[in-house]
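Please open the structure in your viewer and keep the sequence panel visible beside it. This tour proceeds by selection: each stop names what to select and then describes what is there.

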Amino acid sequence: MSQLVAIVGRPNVGKSTLFNRLTQSRTAIVDDTAGTTRDRQYGKVDWNGKEFSIVDTGGWVVNSDDIFEEEINKQVHVAIEQADEILFVVDAMNGITDLDDRVAEILRRSRKPVILVANKVDSNDWLYNVPEFYGLGLGEPYPISAVNGFGTGDLLDEVVKKLPEKEEEDEQLDDIPKFAIVGRPNAGKSSIINAFIGEDRNIVTDIAGTTRDSIYTRYNKFGFDFYLVDTAGIRKKAKVSEDIEYYSVIRSIRAIEASDVCILMIDATRGIEAQDVNIFSLIQRNKKGLVVCVNKWDLVQDKSQVAIKHFEDTIRERFAPFTDFPIIFSSALTKQRIFKVLETAVEVYQNRKRIVPTSQLNTVMQEVIAAYPPPANKGKYVKIKYVTMLKGAVVPSFIFFCNLPQWVKEPYRRYLENKIRENWDFSGTPINVFMREK
């Protein structure tokens, strides 16, 4: 499980630009308008063989400076509570502001590793402004330019060096499925956990997980044996008044990374919302198994097959192109089909572990390839000669050996994946399709 780094700072200091630079993506929208970032951006960074997760706290659109300051302080408090390390971004062009002082005061009182990042050093002239930031009392400021990449290598070296060492996972957790209950606020996560556990708490054991906020709850009744990956925030009130959307995402990151299969809770009375799609994206990026649980089905008036089909189609359309996952309509309150949710999560876990014999794989897939070979490129033909399944991979991974792997494009890879799913049950789990030169 990777560790979590949070980017904090007042609006328009370049947090989203830095996020895009470190994740080597263009996920976060960048604009000169303060508060452009509303959705919480999450990504992975791999630097010198060490991987960690990073979250951009973003800015806010507000009507007054007082609210502005209050909301930023909330995000800083949440970042301090949840992250393993904090990047505090300031603007080298504008110098220290009152809001920077306020954030620095909060960070100085925390016990988390903090790296002060002086951004917008786009030329050597701005280097002379950097020493001013020693006045924030957070140590040496790292001058960078998120726009052109200046200084980001040295910054990443420091980030990796300051990340706390990860504790070793308990050996007994290795071979037992780990299921995370995730979803946006008020979707019924706490209710379904309570419904799973019931009143017989003597057969449930809490074991401290590998990270500060992950809790593994052993569930071993009715023929099941797995861990519910929970976070402390699901069971107790947060110590700070936080922005609910940001808090739910940063909590979800913790739970998702610690799990094998995620049970994504969707409120049937509200349908699919942007936050559901955000959390689904977290599950996909981490290559976890997925079961979608449409909760509060007892409150829906129209329970006809037509309504169910429409709901399912809408979910798959929003989550496309990954559509091969189970959807369960349940109610945590009435306990309708909640054990079906558990049974399905176990099946998805088993699908992740499924091994297809090489001989069987080649017999089926060679016919599939012959029926629809890869498109020719510049008069040359791609010939796929052999396929095998990668042993020991985190998710099912298939390697197709061919003469010109670089010419096999994404649509054909998706065709191969769909044919694999048609012939073997990999419902709920992502699949990797690699092309290698023979």
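Begin by selecting Val292, which lies in strand β12. The model is a predicted one. Is Val292 buried or exposed? Val292 counts as buried, because its relative accessibility is 0%. Now display its surroundings: apart from neighbours within four places in sequence, Val292 is in contact with Leu264, Ile266, Ile315, Phe319, Phe325, Pro326, Ile327 and Ile328. Add Met265 to the selection; Val292 and Met265 are 27 residues apart in sequence, yet their C-alpha atoms are 6.3 Å apart in space.

Remain on strand β12 and select Asn295, which also lies there. Asn295 has a relative accessible area of 3% and is therefore buried. Which backbone atom lies 3.1 Å from a polar atom of the side chain of Asn295? The backbone oxygen of Ala187 lies at that distance. Ala187 also appears among the residues that Asn295 touches, when those up to four places away in sequence are not counted; the others are Gly188, Met265, Ile266, Asp267, Ala268, Ser330, Ser331 and Ala332.

Next, select Lys296, in the loop between β12 (289-295) and α9. Lys296 is partly exposed, because its relative accessible area is 22%. Its backbone deserves attention: phi is positive, about 65°, although Lys296 is not a glycine. Most residues other than glycine have a negative phi, and most peptide bonds are trans.

For another positive phi, move to Asn12, where the value is near 65° and the residue is again not glycine. Asn12 is placed in the loop between β1 (3-8) and α1 (15-23). With a relative accessibility of 34%, Asn12 counts as partly exposed.

A further backbone feature is found by selecting Ala320 and Pro321. The peptide bond from Ala320 to Pro321 is cis, with omega near 10°. Pro321 belongs to the loop between α9 (305-319) and β13 (327-329).

Now turn to the nonpolar interior. In soluble globular proteins, nonpolar side chains tend to be buried together. Which residues have the most contacts inside the largest nonpolar core? They are Phe88, Ile315 and Phe319, in a core of 54 residues. Helix α8 (residues 274-285) supplies the largest share of this core, with 5 residues. Ile315 and Phe319 have already appeared on this tour, as contacts of Val292.

Select Phe88 and show its contacts. Leaving out residues up to four places away in sequence, Phe88 touches Val8, Gly9, Asp100, Val103, Ala104, Leu107, Val114, Ile115, Leu116, Val117, Leu136 and Leu138. A second, separate core has 25 residues, including Ala187, Tyr219, Ile328 and Ala345. Ala187 is the residue whose backbone oxygen was met beside the side chain of Asn295.

The next stop is a pair of helices: select α5 (residues 189-197) together with α10 (residues 338-352). These helices pack at an angle of about 90°, and their axes are 10 Å apart. That angle makes α5 roughly perpendicular to α10. On the α5 side, the contact is made by Ile192, Ala195 and Phe196; on the α10 side, by Ile338, Val341 and Leu342. What kinds of residue make up this contact? The contact of α5 with α10 has 6 nonpolar residues, no polar ones and no charged ones.

Keep Phe196 selected and add Lys221. The two are 25 residues apart in sequence, and 9.9 Å separate their C-alpha atoms. Lys221 is found in the loop between β9 (214-219) and β10 (226-231). Lys221 is buried, because its relative accessible area of 13% is under 20%.

The last residue to select is Asn432, in strand β16 (residues 432-437). Asn432 has a relative accessible area of 16% and so is buried. Its side chain is joined to that of Ser397 by a polar contact of 3.3 Å. Setting aside neighbours within four places in sequence, Asn432 is in contact with Lys287, Val395, Pro396, Ser397 and Phe398.

Finally, clear the selection and view the protein chain as a whole. Its secondary structure comprises 12 helices and 16 strands. Of its 438 residues, 54% are buried. Among contacts with a separation of 6 or more, 71% are between residues 24 or more positions apart.

Notes
Residues are numbered from 1 along each chain as its sequence is written. This is a predicted model: local features need pLDDT of at least 70, side-chain atom pairs count only at pLDDT 80 or more; totals for chains, interfaces and linings use all residues. Side-chain values use heavy atoms; hydrogens and water are left out. Axes are lines fitted to C-alpha atoms, for helices over the stretch in contact, and angles run from 0 to 180 degrees between N-to-C directions. Helices (H or I, at least four residues) and strands (E, at least two) are DSSP runs, numbered from the N terminus. Angles under 35 degrees count as roughly parallel, over 145 as roughly antiparallel, 65 to 115 as roughly perpendicular and the rest as oblique. Contact means heavy atoms within 4.5 Å. Ala, Val, Leu, Ile, Met, Phe, Trp, Tyr, Cys and Pro count as nonpolar, Asp, Glu, Lys and Arg as charged, and the others, Gly among them, as polar. Buried means under 20% relative accessible area, exposed over 50%, partly exposed in between (1.4 Å probe, protein chains only). A polar contact is a pair of N or O atoms within 3.5 Å; within protein, one must be able to donate a hydrogen and the other to accept it, and residues adjacent in sequence count only if both atoms are side-chain atoms. A nonpolar core is a set of buried Ala, Val, Leu, Ile, Met, Phe, Trp, Tyr and Cys residues joined through side-chain atoms within 4.5 Å.
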